[in-house]
Structure formats: structure tokens, C-alpha cells
Amino acid sequence: MSHVIAAVSTGNQISAIGIIRLTGDGCAEIAGTVFTLNNGKHLQEAPERKLMLGALHDKDGRVIDSCCAVYSRGPHSYTGEDTVEFHCHGSPAVLAAGLEALYIAGAKPAGRGEFTKRAFLNGKLDLTQAEAVIDLIEADTADAAANAAGQVGGTLQRKLAPIYDDLTNLCSHFHAVLDYPDEDIEDFGLAAYEGALRSDAKALHTLLKTYGQGRILQQGVAAAIVGKPNVGKSSLLNALAGYERVIVTDIPGTTRDTVEETVMLGSTRLRLIDTAGIRETADTVEAIGVERSKKAIEEADLVIFVCDGSTGLTGEDEAIIDLCLEHENAIALINKSDLGSKIIPSDLPFIAVIHTCTKTGAGLDQLSDMVDAMFESEIPCDGSILTNARQYDAIRRAYEAMLSALQGLKLGLTPDAVLTDVEEAMEAMGEVTGATVREDITARIFERFCVGK
Ligand code: GDP
């Protein structure tokens with residue numbers, strides 16, 4: 001028996017419609033005490049999943065709203081349990097009063113994500129789908145939404161299922177022969193599974209490689225703006241963001257930390273990271289900033305090196321250029337072009353060099369075209385790529401365990417040693433899909449028995 005929970009599902013802002021949702025055993029009974037159908041019937045008698053007009057009222061019968069209710073009987077609902085939704089007028093006051101009435105009638109406040117958690121626990125969604133629900137809600141581009149919607153639809157799960165299935169077969173076969181020697185089960189030999197293990201490891205590797213694209217889809221291209229102090233990095237970020245995001249001063253070293261801002265540049269979503277001016281310094285606060293800059297370069301998809309064209313290159317610039325050139329996607333801006341330039345593009349060994357002026361915006365269109373050209377790729381948005389760091393980490397561990405299993409096989413280790421790695425891979429995959437390895441293997445062992453046993 002799951003207790004009845006209730007929450008406003010549509011947020012706390014004025015809108016045309018706001019939805020209060022209840023789920024749990026007996027929720028229609030509770031909901032029916034504060035809602036009277038216009039046709040005179042009790043909510044429990046309402047037809048399945050049909051919007052029914054009526055009045056939502058408090059315990060004293062005072063009408064809160066004239067609205068609709070829809071009753072979905074479990075398991076045919078999002079959570080898999082009986083569910084009632086009230087489609088009210090979207091005033092936060094109406095929704096708060098409606099919710100209050102439901103609490104008084106016996107519903108409990110829902111915790112964060114509790115509806116989706118129940119859907120997961122009731123087998124309506126696996127973990128990949130449940131996690132994608134939040135990505136879908138938070139998606140801020142149509143592509144990111146399409147990908148999350150694909151994952152909610154189970155695309156990632158369908159990619160992992162055959163791999164997990166192969167591994168379940170292998171483990172259950174081994175344990176069945178070992179634990180039930182009297183059963184008529186085909187002999188177990190690891191070699192028979194080597195081909196499957198190889199192709200499964202390859203499939204995991206292919207999936208892992210999609211994370212670079214997935215991260216860009218989800219978060220945008222991570223672009224580190226680097227350069228010595230006072231060349232115009234913060235001004236660039238502000239110019240691209242279109243407003244004053246960073247305090248710009250002419251005292252070197254004022255951007256002591258990294259500042260992030262997500263902007264659309266052309267058709268590319270950039271997660272701009274303004275780093276503290278990279279330079280050797282004894283100042284500890286600034287030194288932390290320098291470390292962050294180096295780290296930002298390592299973690300960036302794109303490095304934008306900025307120098308001051310009006311002063312010419314210095315040793316400090318050269319040191320930063322060396323850091324930048326370790327990155328495959330590094331471009332250079334010769335800034336302050338309004339003051340003339342002592343630097344020419346051929347002085348800078350980057351794949352692209354652009355003269356810019358953050359004060360007038362000169363050169364920023366060219367920067368935008370350049371970034372579009374660099375990151376214009378066909379990212380599949382069907383939910384088949386990894387977008388989530390937690391999932392990536394789990395699949396990486398699964399892949400490493402598979403490599404270890406294959407290595408053990410090659411070295412002729414005993415089956416139980418190899419299977420330890422295989423089960424580790426399954427456990428790691430289970431962290432993504434929510435599968436429970438022990439139960440799955442046990443269930444498969446008994447499927448090998450004859451019917452009627
Ligand atoms: P940062 O230390 O690299 O982040 O540099 P800031 O963005 O704080 O800029 C340092 C100084 O350079 C400020 O006084 C800016 O107004 C000035 N500045 C930035 N970009 C330009 C530009 O394109 N032209 C001119 N003339 N000055 C600029």
C-alpha cells in the first residue's frame with residue numbers, strides 16, 4: 001500500500017492552467033472529498049482518463065475553483081498507481097488552497113521527484129528513463145529536449161539491454177551448471193562466450209565515445225577564455241553575453257576566479273568560462289585562479305586565447321600560448337583592434353586568428369562563424385547518446401570490467417575469476433538502468449530448468 005501524495009506539478013507562477021497531482025492507493029477517495037463532479041457522481045465513478053468538470057472546494061464546502069479532474073486507475077498512469085489530476089486555473093493562490101484542502105483530506109506532501117520515483121519503483125520507467133525525465137524538464141534547446149525525450153522513450157535502455165542480457169546468460173549458465181549438476185543443462189565453456197563478450201565491450205566503448213557529443217548537447221560547448229590580465233577577456237564575455245556579467249576594471253588580476261556564462265553564438269551554445277589572467281604569481285588567491293585556468297583549458301572543448309593587439313606580444317603571452325597549443329581546438333583573438341595592432345595573425349600559431357574589438361563588437365561575427373564551423377556536427381538527438389556524467393562514469397566502469405574479463409579469458413583464468421569481472425560490469429550497468437544483478441541472474445538460472453520443475 002502506497003500512501004497518497006499530492007503536489008502542484010506546474011510550478012509557482014501565474015499561468016492559464018495549473019495542475020495539482022495526487023497518486024497512491026485511495027487517492028480518488030481523498031480527492032473526491034474536495035471535488036464535486038458537475039454530473040453529481042463521485043470522482044471514483046468517473047470514467048477512465050477523461051477530463052471531468054466540477055468544483056474544487058475546501059472542507060467547509062467553500063468553492064476554491066471551477067476546474068476539471070482526471071482519474072487514471074493504476075497501472076494505467078504515470079506512476080503505475082491510481083492518480084488524480086486537477087486542472088485548475090493557474091493562480092498560485094488557487095493551487096495552494098487546493099493543495100491545502102487535499103492535505104486536510106489526508107494526502108501527504110510529495111517529496112522531490114517522488115512521482116517519478118514511484119513510476120520507477122512500480123516498473124513504469126527504468127532508471128535511464130527516470131533520469132531523462134529531469135533532463136527533459138530542464139532542456140533548454142530543442143535538440144537537448146529531443147534527446148531526453150528519446151531517453152524517456154527508452155532508447156538508451158534498448159542499447160544496454162542486449163549487452164546486459166548476454167552477460168546475464170553467461171553468468172546464469174555458469175552458476176546453473178555449478179549449483180545444479182544433476183540438471184540436464186548444456187556444459188559450460190567460457191570460450192563459447194568470447195565473441196559475445198568482445199562485441200559487448202565494443203558496444204560499450206562506442207556508447208562511451210558519444211559522451212563528448214552528449215555533454216555538448218546537454219551543457220553547450222565548454223569554451224575557456226584565456227590570456228594574461230587586462231587584454232579584454234571579461235569584456236569579451238560581457239560582449240558575447242550582451243550584458244555586464246563580469247566586473248571589468250583596468251587593474252590587472254581583477255577576475256580572480258572563473259566566471260561562467262552560457263550564450264548562443266551563431267547556432268552554437270557556448271558555456272563561456274572566463275579564467276583569471278594566467279601568469280606566474282606569488283599572490284595565493286591569484287595562484288588558485290591560475291590553477292583553475294590551466295584546469296579550464298584541460299576541460300574545455302574550445303580555448304579562446306585573447307591578447308592585446310595595442311601592446312604587442314610579451315613573454316607572458318608566449319607562456320599562455322604554449323598552454324593553449326596543447327589543446328586541439330584553440331583559436332586566438334587579437335583584441336583592442338580599435339587601438340591599432342602591433343600583432344599580425346601570422347605571429348600566432350593557432351588554427352584561426354581574428355582581430356576583435358569588444359568595445360565596438362568588430363570581429364565578433366567572424367568569431368561566431370568560426371565557432372559554428374568548428375562545432376557544426378550532426379549530433380543524433382534520439383536519446384541514443386550518453387549525456388549524463390553519472391551514467392558516463394558507470395558505463396566507463398562497466399567497460400573497464402569487460403576489458404579485464406577479456407584479459408582474464410586470454411590469460412586462461414578460471415571461469416569464476418572472469419565472471420567476477422563480468423558481474424562487476426553488470427553491476428555498473430545496473431547503476432544506469434536500475435537492474436538488480438543478483439535477482440536477474442537467479443531468475444535466468446531457473447529459466448534454464450525444464451518447465452514444471
Ligand atoms: P581582462 O583582465 O582580460 O578580463 O580584461 P578586461 O575585460 O577587464 O579589460 C581590461 C581593460 O581593457 C578595460 O579597461 C577594458 O575596458 C579594456 N578593453 C577591453 N576590450 C577592449 C577593446 O576592444 N578596445 C579597447 N580600447 N579597450 C578594451
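Let me begin with M402, which has its place in helix α13. Please keep in mind throughout that what we have in front of us is a predicted model. M402 counts as buried because its relative accessible area is 1%, and the cut-off for buried is under 20%. If we leave aside residues up to four places away in sequence, M402 touches L167, L197, D200, A201, L204 and A425. There is also a distance here that you can check for yourselves: M402 and M426 are 24 residues apart in sequence, and in space their C-alpha atoms are 9.3 Å apart.

Let me stay in helix α13 and turn to charged residues. This helix covers residues 389-410, and both D393 and R397 lie in it, four residues apart, which is about one turn of the helix. In general, an α-helix has 3.6 residues a turn, so residues three or four places apart point the same way. D393 and R397 form a salt bridge, in which the closest N and O atoms are 3.3 Å apart. D393 is partly exposed, with a relative accessible area of 29%, and R397, also partly exposed, has a value of 29% as well. The pair belongs to a network of salt bridges that links D393, R396, R397, E400 and E431.

How many salt bridges does the structure hold? The number is 17, and I would like to show you two others. One of them joins R198 to E194, with the closest N and O atoms 2.8 Å apart. Here too, the partners sit in one helix, α7, four residues apart, or about one turn of the helix. R198 is partly exposed at a relative accessible area of 41%, while E194 counts as partly exposed at 28%.

The other joins E48 to R73, and in this pair the closest N and O atoms are 2.9 Å apart. E48 lies in the loop between β3 (35-37) and β4 (52-57), whereas R73 lies in the loop between β5 (63-72) and β6 (83-90), so this salt bridge ties together parts that are 25 residues apart in sequence. E48 is partly exposed, with a relative accessible area of 33%, and R73 is partly exposed, with 25%.

While we are in the loop between β5 and β6, please look at P75, which is found there too. The peptide bond leading from G74 to P75 is cis, and its omega is near 5 degrees.

Now let us move to helix α9, residues 233-241. Is this helix mostly covered or mostly open? It is mostly covered, since seven of its nine residues are buried. Those buried residues are K233, S234, L236, L237, N238, L240 and A241. What do they pack against? Their partners are the strands β8 (221-226), β9 (259-265), β10 (268-274), β11 (302-308) and β12 (330-335), together with helix α12 (364-375). After α9 comes G242, a residue with a positive phi, near 85 degrees.

Positive phi values also turn up in residues other than glycine, and I have two to show you. N230, in the loop between β8 and α9, has a phi near 75 degrees. N230 counts as partly exposed, at 32% relative accessibility. K336, which lies in the loop between β12 and β13 (353-355), has a positive phi of about 65 degrees although it is not a glycine. K336 is partly exposed as well, with a relative accessible area of 22%.

To finish, let me set a buried residue beside an exposed one. T210 lies in the loop between α7 (194-209) and α8 (211-219). With a relative accessibility of 12%, T210 counts as buried, and, not counting residues up to four places away in sequence, T210 touches I385 and L386. E298, by contrast, lies in helix α10, residues 284-299. Why does E298 count as exposed? The reason is that its relative accessibility is 66%, and exposed means over 50%. E298 also helps to form a negative surface patch, together with E318, D322, E326 and D347.

Definitions and conventions. Residues numbered from 1 in each chain as written. Predicted model: local features only at pLDDT ≥ 70, side-chain atom pairs only at ≥ 80, totals over all residues. Heavy atoms only, no water. Patch = residues over 30% accessible without salt bridge, like charges linked within 9 Å, V, L, I, M, F, W, Y side chains within 5 Å. Areas by Shrake-Rupley, 256 points an atom, 1.4 Å probe, with all protein chains shown as cover. Salt bridge = Lys/Arg side-chain N within 4 Å of Asp/Glu carboxyl O. Lys, Arg positive; Asp, Glu negative; His and termini not counted. Charge placed at Lys NZ, Arg CZ, Asp CG, Glu CD. Buried < 20%, exposed > 50% of the residue type's maximum accessible area, 1.4 Å probe, protein only. Contact = heavy atoms within 4.5 Å.
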